[in-house]
Amino acid sequence: ASAPVSAAADDGIGELRRAASQRLAAAGYASAALEADLLLSLATGLERGQLFAWPERAVDAAQRQRFEQLLTRRVAGEPIAYLLQQRAFWSLELRVSRATLIPRPETETLVELALRALPADQALRVADLGTGSGAIAAALAHERPRWSLIGLERDPDALAIAALNAARLQLDNLSLMRGHWSSALGRASLDALIANPPYVRADDPHLGQGDLRFEPRAALVAGADGLLAIRALIADAPRCLKPGGLLAIEHGWDQGADVRALMQQQGLEAIETWRDLAGQERVTQA
Ligand code: GLN
């Protein structure tokens with residue numbers, strides 16, 4: 001407990017790693033050693049492998065200062081994905097920013113559902129509403145070169161990140177459009193409508209915890225009951241979808257019954273609710 005947590009100015013890279021890892025562990029982060037390495041790689045431009053190959057290696061003052069700033073921000077709670085400006089989703093490494101939600105593993109359930117529910121070899125038109133970083137649309141475009149993906153996003157800063165991801169991943173079958181939900185889409189033109197809309201209740205205490213504190217409110221919160229965006233999506237879906245088209249929506253673990261009821265009210269056939277890897281109801285398909 002008495003070990004020093006700050007490194008001296010002439011400490012080598014090994015000592016910096018050890019001290020940083022201790023600071024992050026003390027701040028409560030379970031993956032402290034990994035995070036320390038990721039931030040040190042970012043600050044120095046060295047690959048992770050190079051960090052442990054040569055513990056005595058010197059770190060120059062500018063790199064040391066950059067590392068210190070990153071560590072301080074992380075200790076203050078800033079999400080590691082925002083500091084690194086990237087997050088792995090599906091098989092892709094995506095750019096993210098504070099304008100976008102940080103893609104989550106449970107959203108991969110939505111990708112899996114779409115891949116299973118729709119034919120791979122047809123030229124389908126599939127829209128991802130509120131695409132944010134473009135995660136869902138990019139994963140589908142990557143897996144299904146025959147499909148045309150449309151990523152729709154209201155926020156111009158998020159849209160720019162999605163466009164950057166499409167370009168970096170060379171996804172020629174993904175086009176991005178500015179617009180608010182399905183208002184920007186034509187009538188009866190889509191084979192599928194996929195969305196991870198905001199669905200958190202305005203008074204949910206989780207909003208004050210962890211990564212959520214730093215994420216865009218508009219991507220998380222959907223009115224007092226968390227169903228504001230989902231209701232609008234379900235109301236619009238019949239207009240945008242071809243007959244027999246697929247609607248797939250991510251929602252909260254306790255919203256499955258509400259979402260199925262809303263779908264039925266609109267004359268949609270709620271086929272199935274899928275569970276995420278944690279076993280929670282997460283995505284409903286109509
Ligand atoms: N799954 C997110 C969370 O509860 C919420 C994302 C969303 O509202 N679409 O952390």
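Select helix H7 (135-143) first: in this predicted model, H7 lies across S3, S4, S5 and strand S6 (190-195). Compare its direction with that of S4, and you will find H7 running at about 175 degrees to that strand.

Now show the strands beneath your selection. Seven of them form an open sheet, in the order S5-S4-S3-S6-S7-S9-S8, with mixed pairing. Strand S5 (174-178) and strand S8 (272-275) stand at the edges; each has a single partner strand, so one side of each has no neighbour in the sheet. From one strand to the next, the twist averages 20 degrees.

Zoom in on S3 and S4, which pair in the parallel sense over five bridges. Pick Leu129 and look across to S4, where Leu152 is its bridge partner.

Next, select Glu153, in strand S4 (residues 148-153). Is Glu153 buried or exposed? With 29 other C-beta atoms within 10 Å, against a cut-off of 20 or more, Glu153 is buried. Its contacts beyond the neighbours within four places in sequence include Gly130, Thr131 and Gly132.

Move to Ser133, in the loop between strand S3 (125-129) and H7. Ser133 counts as buried too, because it has 28 C-beta neighbours inside 10 Å. Among its contacts further along the sequence are Leu94, Arg95, Ile161 and Asn165. Both Ser133 and Glu153 are on UniProt's "binding site" list (unreviewed entry), as is Asn196.

Asn196 leads to the ligand: the residues around it are Arg104, Asn196, Pro198, Tyr199, Val200, Leu212 and Leu220. Colour this shell by type to see five nonpolar, one polar and one charged.

Finish at helix H11 (residues 256-265), which lies across strand S7 (241-250), S8 and strand S9 (281-285).

Notes. Residues are numbered from 1 along each chain as its sequence is written. This is a predicted model: local features need pLDDT of at least 70, side-chain atom pairs count only at pLDDT 80 or more; totals for chains, interfaces and linings use all residues. UniProt positions are given in the numbering used here, feature names are shortened, and annotations may be inferred rather than shown by experiment. Helices (H or I, at least four residues) and strands (E, at least two) are DSSP runs, numbered from the N terminus. A residue is buried if 20 or more other C-beta atoms lie within 10 Å of its own, exposed if 12 or fewer, and partly exposed in between; C-beta atoms are placed from the backbone. Two residues are in contact if their C-beta atoms, placed from the backbone, lie within 7 Å. A residue is near a molecule or strand if its C-beta atom, placed from the backbone, lies within 6 Å of it. Ala, Val, Leu, Ile, Met, Phe, Trp, Tyr, Cys and Pro count as nonpolar, Asp, Glu, Lys and Arg as charged, and the others, Gly among them, as polar. Two strands pair if DSSP finds at least two bridges between them. Axes are lines fitted to C-alpha atoms, for helices over the stretch in contact, and angles run from 0 to 180 degrees between N-to-C directions.
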